[in-house]
Amino acid sequence: MIGVYGGTFDPVHFGHLRAALEVYQGLRLREMRLIPCYQPPHREPPVADARARLTMLRAAVGDDTEGLKVDNREMRREGVSYMVDTLAELREELGDEPICLVLGADAFCQLHTWHRWQEILGLTHLVVTHRPGWTLDAGSLDPALAQLWREARVEAGDALAAAPAGHILQFTVTALDISATRIRAMVARGESPRFLLPEKVWNLIRLQGLYHIKRDVDEY
Ligand code: ATP
């Protein structure tokens with residue numbers, strides 16, 4: 001059984017890495033694939049280009065850190081990165097091996113806005129990560145998504161290994177209130193984001209001059 005952890009990783013930080021590792025260990029996955037998107041469908045284009053985001057992610061996990069692996073298929077595919085296309089490719093490659101797509105609770109609540117979202121649970125399980133004590137209010141979900149949640153939800157991770165796809169599991173992860181947006185804002189203000197992300201990633205940000213506010217030439 002493998003995990004899939006998609007994101008913009010602009011830049012990768014300890015919130016991503018810790019959640020990915022906890023799911024990898026908790027569900028005894030064979031590996032956890034970190035898949036950086038090329039062009040996210042739901043938001044502004046990333047600030048750092050694809051190559052820089054991939055380099056930072058590779059620096060963060062090395063060749064194979066505790067089962068976390070970087071999979072650059074969305075970058076190779078280019079264009080808008082639809083998760084349904086990525087999952088269809090993986091399903092083709094992996095046969096019947098179970099796949100677990102890891103999603104933050106906030107991302108799960110927007111699943112009904114994803115491209116061909118109703119095909120996703122046919123390709124993968126969903127592992128919805130959340131902070132301790134959080135419970136999902138099904139009443140606040142889109143009605144079709146709430147129905148999917150009620151029908152597909154399982155209480156224990158064992159159910160995931162028994163089928164290639166189709167279940168939804170809630171999974172509690174250590175709450176780390178870190179976001180890439182806040183890190184980019186800190187760097188732009190000239191503050192240090194150290195200890196929110198791996199040292200190697202911070203070194204690359206400095207080396208490549210990423211996330212600094214670009215000033216007009218007139219200002220100098
Ligand atoms: P941004 O601030 O630019 O929106 P982000 O930090 O939220 O970025 P993304 O790359 O957009 O990171 O998120 C990828 C995945 O990581 C999503 O499923 C999101 O829910 C999850 N995630 C982001 N931050 C954390 C965190 N601090 N703890 C656990 N999961 C996180």
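Okay, hi everyone. One bit of vocabulary before we start: helices and strands here are DSSP runs, at least four residues for a helix and at least two for a strand, and they are numbered from the N terminus. With that, we can place our opening residue: glycine 157 sits in the loop between β6 and α8, and α8 covers 158–161. And keep in mind that what you see above is a predicted model.

Let's stay with glycine 157 for a moment. Is it buried, exposed or partly exposed? Its relative accessibility is 22%, and buried means under 20%, so glycine 157 counts as partly exposed. Leaving out residues up to four places away in sequence, glycine 157 touches Leu27 and Leu169. Now look for alanine 146: it is 11 residues from glycine 157 in sequence, and their C-alphas are 20 Å apart in space.

Next, the sheet. It's an open one, made of 7 strands, and the order across it is β3-β2-β1-β4-β5-β7-β6. The pairing is parallel. In general, the strands of a sheet pair through backbone hydrogen bonds, and that can be parallel or antiparallel. Which strands are at the edges here? They are β3, residues 68–70, and β6, residues 153–154, and each of them pairs on one side only.

Start from the β6 edge and walk inwards. β6 pairs with β7 over 2 bridges, in the parallel sense. Here you can find valine 154 standing opposite leucine 169 of β7. Then β7 pairs with β5, again in the parallel sense, over 5 bridges. In that pairing, leucine 126 has isoleucine 168 of β7 as its bridge partner. One more step, and β5 pairs with β4, parallel, over 5 bridges. Glycine 104 is opposite threonine 129 of β5 there. Remember glycine 104, please; we'll meet it again.

So what about β5 itself? This strand runs over residues 125–130, and 6 of its 6 residues are buried. Both of its faces are covered: His125, Val127 and Thr129 are on one side, with Leu126, Val128 and His130 on the other.

Let's also look at a residue in β2, proline 36. Its relative accessibility is 0%, so proline 36 counts as buried. Who does it touch? Among the contacts of proline 36, not counting residues up to four places away in sequence, are Gly7, Phe9, Leu54, Leu57 and Val70. There's also a nice long-range pair: proline 36 and glycine 6 are 30 residues apart in sequence, and yet 5.8 Å apart C-alpha to C-alpha.

On to the nonpolar cores. The largest one has 41 residues, and Val23, Leu27, Met32, Leu34 and Ile205 are the ones with the most contacts inside it. Several elements give two or more residues to this core, including α1 (14–26), β2 (31–36), β4 (99–104) and α10 (199–208). Which element gives the most? That's α1, with 6 residues.

Pick out Leu27 on your screen. Apart from residues up to four places away in sequence, leucine 27 touches Met1, Cys100, Val127, Gly157, Leu160, Leu169 and Phe171. So there's Gly157 from the start of the talk, listed among those contacts. A second core, separate from that one, has 29 residues, and Ile99, Phe108, Leu121 and Leu123 are among them.

Last topic, the ligand. There are 18 residues around it, and the ones that come nearest are His13, His16, Arg43, Leu176 and Thr181. Which atoms do we look at? An N or O atom in the side chain of histidine 13 is 2.8 Å from a ligand oxygen. A ligand nitrogen is 2.7 Å from a polar backbone atom of leucine 176. And here's glycine 104 back: one of its polar backbone atoms lies 3.2 Å from an oxygen of the ligand. How much of the ligand is covered by the protein? On its own, the ligand has 610 Å² of accessible area, and the protein covers 81% of that.

I'll finish with histidine 13. You'll find it in the loop between β1 (2–7) and α1. Its relative accessible area is 4%, so histidine 13 is buried. Its side chain also reaches the backbone nitrogen of glycine 15, at 3.0 Å. Beyond residues up to four places away in sequence, histidine 13 touches Ile178, Ser179, Ala180, Ile183, Leu196 and Leu197. That's it from me, thanks!

Technical notes: Residues are numbered from 1 along each chain as its sequence is written. This is a predicted model: local features need pLDDT of at least 70, side-chain atom pairs count only at pLDDT 80 or more; totals for chains, interfaces and linings use all residues. Side-chain values use heavy atoms; hydrogens and water are left out. A nonpolar core is a set of buried Ala, Val, Leu, Ile, Met, Phe, Trp, Tyr and Cys residues joined through side-chain atoms within 4.5 Å. Buried means under 20% relative accessible area, exposed over 50%, partly exposed in between (1.4 Å probe, protein chains only). Contact means heavy atoms within 4.5 Å. A residue is near a molecule or strand if one of its heavy atoms lies within 4 Å of it. A polar contact is a pair of N or O atoms within 3.5 Å; within protein, one must be able to donate a hydrogen and the other to accept it, and residues adjacent in sequence count only if both atoms are side-chain atoms. Accessible areas come from the Shrake-Rupley method with a 1.4 Å probe; for residues, only the protein chains shown count as cover. Two strands pair if DSSP finds at least two bridges between them.
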